[in-house]
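Ready for some practice? Work through these exercises with the structure open, and try each one before you read its solution.

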Amino acid sequence: MSISRLSSRSRILHSLSILRLACLIGIMFGILAIKGGCATNPFSDMFGKEDTRLTKGPFLLGVYPGRAALMWETETEGPCKLYYGKEQKLDKYVESVPETNQSGEEAVKKLAFIHKVWLEDLEPGRFYDYRVTGPGFEDKIYRFLTVPENTDQVRFIVYGDSRSRPSVHRRLVELMIKKKVDFVVNCGDLVTKGDKYEQWGPQFFEPLKGLAESVPVYIAKGNHEGNNGNYEKLLIPKGQENSFGFDYGPVHYFCADNVTEGLKDEVQLELVIADAGASDAKWKFASYHVPSVNFGGHWSAWGYPDALPGLSKAGVDFVLAGHSHMYERFRPVAPPDGADGSYVTYITSGGGGVFMHSIKPNVYHAVAMKKHHFCLFDIKGDKLTMDTIGIDGGVIDHIEVIKNAGSLDKKYLRSAIPMKEMLDFQKTNLDKQD
Ligand SMILES: [Fe+2]
Ligand SMILES: [Fe+2]
């Protein structure tokens, strides 16, 4: 009995000593975490409060089989090093000297130092870890996957118009994170007024935290991004144009800029058509901000009347745009009578955060809804599935399409619209455009 009492007392004393020691260590760690500023603080990740000086990013601008583009922003001028490597060995680095935002206001020039780098000579289909470091700080370690060389599967999200209400944008991003996708496309209108540099952090970079460090976000520029160069400085990798294409397994995707001041619509449309026509991918996608088929909102018919026959001739399967704040999926539009070409599905996905426009129902809508959302595509070889996810997490639209020998299945095409009918309908509505 007494031995038992003694041992339980000593156990209690022992436990108290451990508790005191734990508290002491906790306080010491707490001081370290609060104090910060130590370049090699080994506990920074344990507290989840890395010793970072990044004011934007890191943000993946593009990931390809053999290279990746990243950006981040600091508020101090010093150079940074981005360490990276496979299998958690950060054994390589690129050095980066920042650009100041010369086109911005004086206050911005002093505080915003934008870094953009390419990581070269990567291996396809491999996980890479990376960490940004700079004078007196190091950021967290993040991981991305390079595009596999031979895969017939891909999963991705398309959405648009995420501007102006960051809390709604953030709620959607939290749902997106759970979907584990390979890439994201944003169809533009990222901020209320892109010429105001201070809007880019709260409206675009901050809501995308937790996603854009590991998954590339490709963008089709929107009219709200502005024309003073902020968009290009922040989000276009060195050596890339505003309009660009990329491949992932069975998908070829082209993002086109149809909004920058001074661009000629017909030249941009020709770019989209030429890019799709040159690809032999099984599934071809295009995104640009101002839609070619849209009734309600801004009533857009960008590229009319040449866009519809041109995109069909080039074999495009899906065109996703934004600009009008709604979800609008049209019945597939058939190739012109007697001509070869694809059946094109046009979707307006402008519900990423901004206020929503009312729906103007018409017989050509397959589904149309006034609801914040994003489109989730899942492609496995010949089979494409799309679930459109509403802000509450539920599925608001669902399609399954099979493509065999270049043709979509008859069930999906049963509701197809003759192209002439769609062009005539657009013509009668063109006067309602903003
Ligand atoms: Fe918009
Ligand atoms: Fe817009």
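**Exercise 1.** In this predicted model, are Arg329 and Asp397 buried or exposed? Work out what their side chains do and where they sit.

*Solution.* Start with accessibility: Arg329 and Asp397 are both buried. Next, look at the side chains, which form a salt bridge with an N to O distance of 2.6 Å. Finally, place them on the chain: Arg329 belongs to strand β16 and Asp397 to strand β21 (residues 395-404), so this pair links distant parts, 68 residues apart.

**Exercise 2.** Which label fits Arg155, and which fits Asp378?

*Solution.* First, the cut-offs: buried means under 20% relative accessible area, and partly exposed runs from there up to 50%. Arg155 comes out at 26%, so call it partly exposed. Asp378 has 15%, so it's buried. Now check the contact: their side chains meet in a salt bridge at 2.7 Å, N to O. Since Arg155 is in strand β9 (residues 153-159) and Asp378 in strand β19 (residues 373-380), the bridge ties together parts 223 residues apart in sequence.

**Exercise 3.** Why is the arrangement of donor atoms around the iron ion (ligand 2) irregular?

*Solution.* Begin with the protein donors: Asp189 (OD), Asn223 (OD1), His289 (NE2) and His323 (ND1), at 2.1 to 2.2 Å from the ion. Then take the angles: a tetrahedral site needs all of them between 85 and 135 degrees. Here they span 87 to 152°, so the arrangement counts as irregular. One last step: the iron ion (ligand 1) is 3.2 Å from the iron ion (ligand 2), and Asp189 coordinates both.

Notes: Residues numbered from 1 in each chain as written. Chains lettered and ligands numbered in written order. Predicted model: local features only at pLDDT ≥ 70, side-chain atom pairs only at ≥ 80, totals over all residues. Heavy atoms only, no water. Donors = N, O, S within 2.8 Å, 3.2 Å for Na, K, Ca; no water. Tetrahedral: all angles 85-135°; square planar, octahedral: opposite > 155°, others 65-115°. Salt bridge = Lys/Arg side-chain N within 4 Å of Asp/Glu carboxyl O. Helix = DSSP H or I, 4+ residues; strand = E, 2+ residues; numbered from the N terminus. Buried < 20%, exposed > 50% of the residue type's maximum accessible area, 1.4 Å probe, protein only.
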